[in-house]
Amino acid sequence: MPPSSPTSEAEQPEVLVVAKLWPPMMESLRGAFRVHDRIHQTDPTAFAAVAPRIRAISASGESKVPRELIAQLPALEIISVFGVGYDGVDVAAARERGIPVTNTPDVLNDEVADLAIALVLSISRRIPQADRYVREGQWANGPMPLARKVSGARLGIVGLGRIGNAIAKRAEAFGMSIAYTSRSARPESSYRYFPSAEALAAEVDFLVVITPGGAGTRKLIDAKVLKALGKDGYLINVARGSVVDEAALIEALQNGTIAGAGLDVFENEPNVPAALIALDNVVLTPHVGSATWQTRRAMADRAFGNLEAHFAGKPLLSPVP
Ligand code: 8YV
């Protein structure tokens with residue numbers, strides 16, 4: 001193609017990728033844009049040279065896009081997040097410059113809800129421990145200690161949004177009674193509302209955290225909430241590590257203040273405290289709530305679709321509110 005072709009590389013919008021993205025997503029990006037993969041972290045000189053031309057940021061749900069980075073990109077037009085959570089993006093700083101932020105809502109509701117239920121079952125029925133029991137040849141010495149029944153138990157949901165509702169729907173099939181807390185009561189919901197996480201925790205057997213991260217929910221699940229959950233209660237976190245006071249959680253698990261925890265997210269990923277790893281009353285997964293081929297494909301299509309729509313002058317598929 002001649003260099004003046006509208007699709008020539010020199011005319012493709014330049015995109016800064018700020019996270020290690022799923023390879024098929026990178027492939028889509030590379031097909032349409034000039035991609036600079038994390039050079040702001042790896043090569044400051046090269047970054048300084050291209051920064052004035054960067055028109056889009058492609059981020060993941062865990063990415064940090066602070067005000068300082070946005071300020072270094074005078075031509076920035078859009079921030080597309082590959083994930084539903086965008087707590088790492090300084091949305092206020094973007095908004096001041098009229099830069100839209102997009103995310104990938106809905107397409108991962110089922111997946112994250114499935115994992116939440118999987119963690120409820122795993123920790124109460126001790127599935128990973130049972131697997132180890134068989135592999136280590138302990139069965140021959142006698143049966144495993146008894147587990148805890150899930151069907152009919154009381155489930156509390158912290159954050160009754162799209163994913164929270166998908167979790168509730170699944171829990172209904174287990175005959176669980178469902179209650180929730182969120183910033184305000186949802187009049188359209190038939191589930192019982194509690195005004196605080198502490199009040200909710202006191203009334204349930206499983207407390208599932210699925211509220212957005214960020215300043216407003218930092219350490220919402222603290223020592224007081226864990227105490228209210230009590231020695232027979234389990235905490236499940238499929239939201240953000242920042243929502244739980246991890247030090248308080250470790251103490252509660254060590255002291256038997258709560259019965260156990262199923263955790264997919266952590267305060268300082270991918271670093272999981274050794275104290276958590278040492279515990280037997282936890283099930284730990286490496287932030288895999290949305291991590292299936294089907295859902296990651298749908299997320300990539302949405303995240304890429306938002307960029308495509310923007311540069312085609314079409315309405316964005318899913319701008320954040
Ligand atoms: C992903 C997530 O782990 O959607 C989110 O907010 O945290 C997850 O779906 C992530 O965005 C992919 O790296």
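This report describes the ligand site, the nonpolar core and several loop residues of a predicted model.

**The ligand and its surroundings**

Thirteen residues would be a long list to go through one by one, so the account begins with those that come nearest: of the 13 residues around the ligand, these are Phe 82, Val 84, Gly 85, Arg 240 and Ser 290. Sorted by class, the shell around the ligand consists of four nonpolar, six polar and three charged residues. Oxygen atoms of the ligand pair with N or O atoms in the side chains of three residues, as the table sets out.

| Side chain with the N or O atom | Distance to an oxygen atom of the ligand |
|---|---|
| Glu 62 | 2.9 Å |
| Arg 240 | 2.7 Å |
| Arg 296 | 3.5 Å |

Taken alone, the ligand exposes 330 Å², and the protein buries 90% of that area.

Gly 85, one of the residues that come nearest to the ligand, sits in the loop between β4 (78-82) and α5 (91-96), and it counts as buried because its relative accessibility of 15% is under 20%. The C-alpha atom of Gly 85 is separated by 7.2 Å from that of Asn 103, although the two residues are 18 residues apart along the chain.

Ser 63 belongs to the loop between β3 (54-60) and α4 (67-71) and, at 4% relative accessibility, is likewise buried. A polar atom of the Ser 63 side chain lies 2.8 Å from the backbone nitrogen of Ser 60.

**The nonpolar core**

The largest nonpolar core has 48 residues, and those with the most contacts inside it are Met 25, Leu 29, Leu 155, Ile 157 and Ile 167. Helix α6 (residues 109-125) supplies the largest share of this core, namely eight residues. Because domain 1 (9-107 + 293-311) and domain 2 (109-284) both give residues to the core, it lies between them.

**Backbone features in loops**

Most residues other than glycine have a negative phi, and most peptide bonds are trans. Against that background, the peptide bond from Glu 269 to Pro 270 is cis, with omega near 5°, and Pro 270 is located in the loop between β11 (260-263) and α12 (274-277).

Arg 38, in the loop between β2 (34-37) and α2 (39-42), has a positive phi near 55° and is partly exposed, with a relative accessible area of 24%. Lys 219, whose phi is also positive and near 50°, lies in the loop between β9 (206-209) and α10 (223-229) and counts as partly exposed at 41% relative accessibility.

Key: Residues numbered from 1 in each chain as written. Predicted model: local features only at pLDDT ≥ 70, side-chain atom pairs only at ≥ 80, totals over all residues. Heavy atoms only, no water. Near = heavy atom within 4 Å. Polar contact = N/O pair within 3.5 Å; in protein donor to acceptor, adjacent residues only side chain to side chain. Areas by Shrake-Rupley, 256 points an atom, 1.4 Å probe, with all protein chains shown as cover. Nonpolar A, V, L, I, M, F, W, Y, C, P; charged D, E, K, R; others polar. Core = buried A, V, L, I, M, F, W, Y, C linked by side-chain atoms within 4.5 Å. Buried < 20%, exposed > 50% of the residue type's maximum accessible area, 1.4 Å probe, protein only. Helix = DSSP H or I, 4+ residues; strand = E, 2+ residues; numbered from the N terminus. Domains from an automatic or database assignment.
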